[in-house]
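Biologist: I have a model open and want to go through it with you. Can we start with the domains and then move to the ligand?

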Amino acid sequence: MCGIVGYIGEKKAYPILIKGLQCLEYRGYDSAGIALISESGSLNVYKAKGKVADLKVFCEDKDVTGTAGIAHTRWATHGEPNSTNAHPHYSASGRLALIHNGIIENYLTLKEKLIARGISFKSVTDTEVLVQLIEHIMISNDITLLEAVQVALHQVIGAYAIAILDRRHPDTIVCARQSSPLVVGLGAEGDYYLASDASPIAEYTDRVVYLNDGDIAVLQLGKALKVVNIDNETQHPNVKQIDVTLGQLEKGGYPFFMLKEIFEQPACLRDCMRGRINVDADRITLSAVIDYCEKLVSARRIVIVACGTSWHAGLIGKQLIESLCRIPVEVEYASEFRYRDPVIYPDDVVIAISQSGETADTLAAIELARQAGAFVFGVCNAIGASIPRQTQTGVYIHVGPEIGVASTKAFTGQVTVLSMLALCMANERHTIPVELYKEMVRELTLIPAKMEKALKTNEQIERLAPIFTYARNCLYLGRGYNYPVALEGALKLKEISYIHAEGYPAAEMKHGPIALIDSEMPVFVIATRDRLYEKVISNIQEVRARGGRVTAIVTEGDTQIQKFADHIITLPDTLECFQPLIASIPLQLLAYHIAVCKGKDVDRPRNLAKSVTVE
Ligand code: F6R
C-alpha cells in the first residue's frame, strides 16, 4: 500500500525523505509528496503525480530547506491518483500537514459534520478529512496536537498509520498506528526517523521501535520517545535492534530487484535452513514445533490462510502436510475466509502465510481464527511485522527484504518452511518412516545447489522470451505438486508482462480450456519426472494435436518429451514434493524476460503494491 517516511533532527530532512520514499516505492507509487518546515518557519507541501523521481523534479526549484519533514508515496484508494489527492494534506489553516496509510471507513460521516461546520475540502480523500478533523478539534477546544489526535482517533473507524507536522512546533512529529505498520528509528543525536517499515531507516540507525496498534508516539528532538494510547495511558516502547544491511536493499548489479531476488534464492534457502537442519542433515529442529508440539501434532485439521503467491505456497503446503502428516488441510483465500462465516474448531491449527506480514485480509483471517479459539501459526518474512506479532507462534522464512513487487524468493522460502514444518510434524506424529524422513531432510539440503543449476537456464530462457512477447494469452499446466507451480508461473507473467495467463491442473484442460488452444497460444507444461509423468505426456499430446505450441519443463535426462514439445527446459531431479522449489525458477525467469522484452518496469508493475494493507 502507501509508504510513510519522516525525519526530525539536525540534518537536512529533504534528502533523507526522498531516499526513504525511493526505498518504499515498492509499496505503492501512483503519486508522492513531502511536507517540510523550512528554515524560515513555513510549512511547505509539494506533491506530484507519478513516481518519486517526478516529485524530485517538481521540487527542483522549491524551498526544500528544513530539518523536519514527513513524506508519502501513495497507491490510490479514495480518489484518483493526482497531485490534489496525493499526501501530505494541509489542514484548513495550513498549520498542520498529515500523511496517512490505510482507510478511514467512516470518513463520509465525519466529512459531512465538518462541512456543516463550514470546513471545505480540496481533495476527495479520507486523509484530508482526518487532518481537518484534528485541526478543528485542536482549535475549537484550544488543546495540544497530541490531545486533538487522541480525541479525533476516538471518532475514527478504520485502519491508519499517520504522521503529522505542526508549523508551530517544528521540533515534533506526532504519529499513530492502528492496523497499519509504523516503525520509529532512534537516531544517535536525539533525532528520529519514521517509516512504514525499517528499510528506509536502516542506513541511519539500527535501534527501532515497532509501534503497536493503538499507539500514538510523539517524536520530539532531543527528548525521549513518548508513546501513549488514545486514552493518554503511557505505553512502554520496546527498542529492537534491526539487522537489515544496505547491501540487502540495493540491486547488487542486477538491472531489477526481481532478477536479483530470483538469483538470490539458493543463498536465501540456505539462510532459511541454517540452524534448523543440523550438520549431519538428518534432523530438522523448529523451535515453534518444540514449544507447541502438542498443539500442532494433535491438530484435528489445519487451515491455511493466505493471499496471492503466499496462497500458492499454501497449496503446496497442503500436499506436503496431508501426505507426510496425514492431517487434513484446507487452503483458503484469506479475503474469502474472513467473510464466509467459516467453521473453525478450537483444536484447529490455522497457518497464516504472508511475505510482508501486513496483508489486511490475512490479518483479519487471523483475528477470526483467534476469536474461534484456534491456534494460529505464522509463516512470515518481514521481522516484527503485524502477523508475527498477532500469531501465537510461527517460523520466519529469513529470505531478507523482498523489494520486487512480484514475489519470488519469498515463495520458495515459504515452500521451504512448509516442507520443514511438515517433516518435523510427521516425525513427531510418526507418520513417516525414520529412514524416509532422513532421506527427505538430506534432499532438502541439496535444493539450493540444484537451484543454482536451474538458474543456469537463464540464458536459454532469455533467448526464448522474445518468441512469447506477441502472445495475448498463455496457459500453464501442471499436476500434483506442480499444479500450484503452474498457478504461480501464470501469476508472475500476468503481474509483470500484462499478458493474460491461466494456470490449470493439466488433466482439467480437457474439461474446458482445451477449446482455447490454437497455434497462437503458448502452453507451458511442467512435466518433471514423477508419479504423474506419463499422464502429463498424454496432456501434452492433447495440446499438440490442437496445434498448441508447447514449452516443457522437464527433468534432466528426459528423452521422451522432446519428441512432442517445441521447446524443452531441463532441470535437475529431486523428490516430487520438492520439485516446486526447482520448477518455479524457470517460470520466474520466463515471466521476467518476457516483461523485459516488452519494455515493462519489472519491479514496479502497474496497479500493484507490494504490501496490500487495505482490504
Ligand atoms: C505476487 C504477490 C502477491 C502477494 C500477496 C500476498 O507476486 O506478491 O500476490 O503474494 O499480495 O502478500 P503477502 O505474502 O505479503 O501477504
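Biologist: What distance separates the centres of domain 1 and domain 2?

Modeller: This is a predicted model. In it, the centres of domain 1 and domain 2 are 34 Å apart, taken over C-alpha atoms.

Biologist: And where do the domains run along the chain?

Modeller: Domain 1 covers 3-245, domain 2 covers 249-456 and domain 3 covers 458-597.

Biologist: Back to domain 1 and domain 2. How many residues are in contact?

Modeller: On the domain 1 side there are 10 residues, and they meet 10 residues of domain 2.

Biologist: What area is buried there?

Modeller: About 860 Å² is buried between domain 1 and domain 2, and carbon and sulfur atoms give 54% of it. On the side of domain 1 that touches domain 2, five residues are nonpolar, three are polar and two are charged.

Biologist: How many salt bridges and polar contacts cross that interface?

Modeller: The rule finds zero salt bridges between domain 1 and domain 2. It does find two residue pairs in polar contact, both at pLDDT 80 or more.

Biologist: Switching to the ligand. Which residues come nearest?

Modeller: There are 14 residues around the ligand, and S310, S354, Q355, S356 and T359 come nearest.

Biologist: What do S354 and Q355 offer the ligand, side chain or backbone?

Modeller: S354 has a side-chain N or O atom 2.6 Å from a ligand oxygen. For Q355 a backbone N or O atom lies 2.7 Å from an oxygen of the ligand.

Biologist: And E495?

Modeller: An N or O atom in the E495 side chain is 2.7 Å from a ligand oxygen.

Biologist: How much of the ligand does the protein bury?

Modeller: The ligand alone exposes 400 Å², and the protein buries 90% of that.

Technical notes:
Residues are numbered from 1 along each chain as its sequence is written. This is a predicted model: local features need pLDDT of at least 70, side-chain atom pairs count only at pLDDT 80 or more; totals for chains, interfaces and linings use all residues. Side-chain values use heavy atoms; hydrogens and water are left out. Domain bounds come from an automatic or database domain assignment. Contact means heavy atoms within 4.5 Å. Buried area is the accessible area (1.4 Å probe) that two parts lose on being put together, summed over both. A salt bridge is a side-chain nitrogen of Lys or Arg within 4 Å of a carboxyl oxygen of Asp or Glu. A polar contact is a pair of N or O atoms within 3.5 Å; within protein, one must be able to donate a hydrogen and the other to accept it, and residues adjacent in sequence count only if both atoms are side-chain atoms. Ala, Val, Leu, Ile, Met, Phe, Trp, Tyr, Cys and Pro count as nonpolar, Asp, Glu, Lys and Arg as charged, and the others, Gly among them, as polar. A residue is near a molecule or strand if one of its heavy atoms lies within 4 Å of it. Accessible areas come from the Shrake-Rupley method with a 1.4 Å probe; for residues, only the protein chains shown count as cover.
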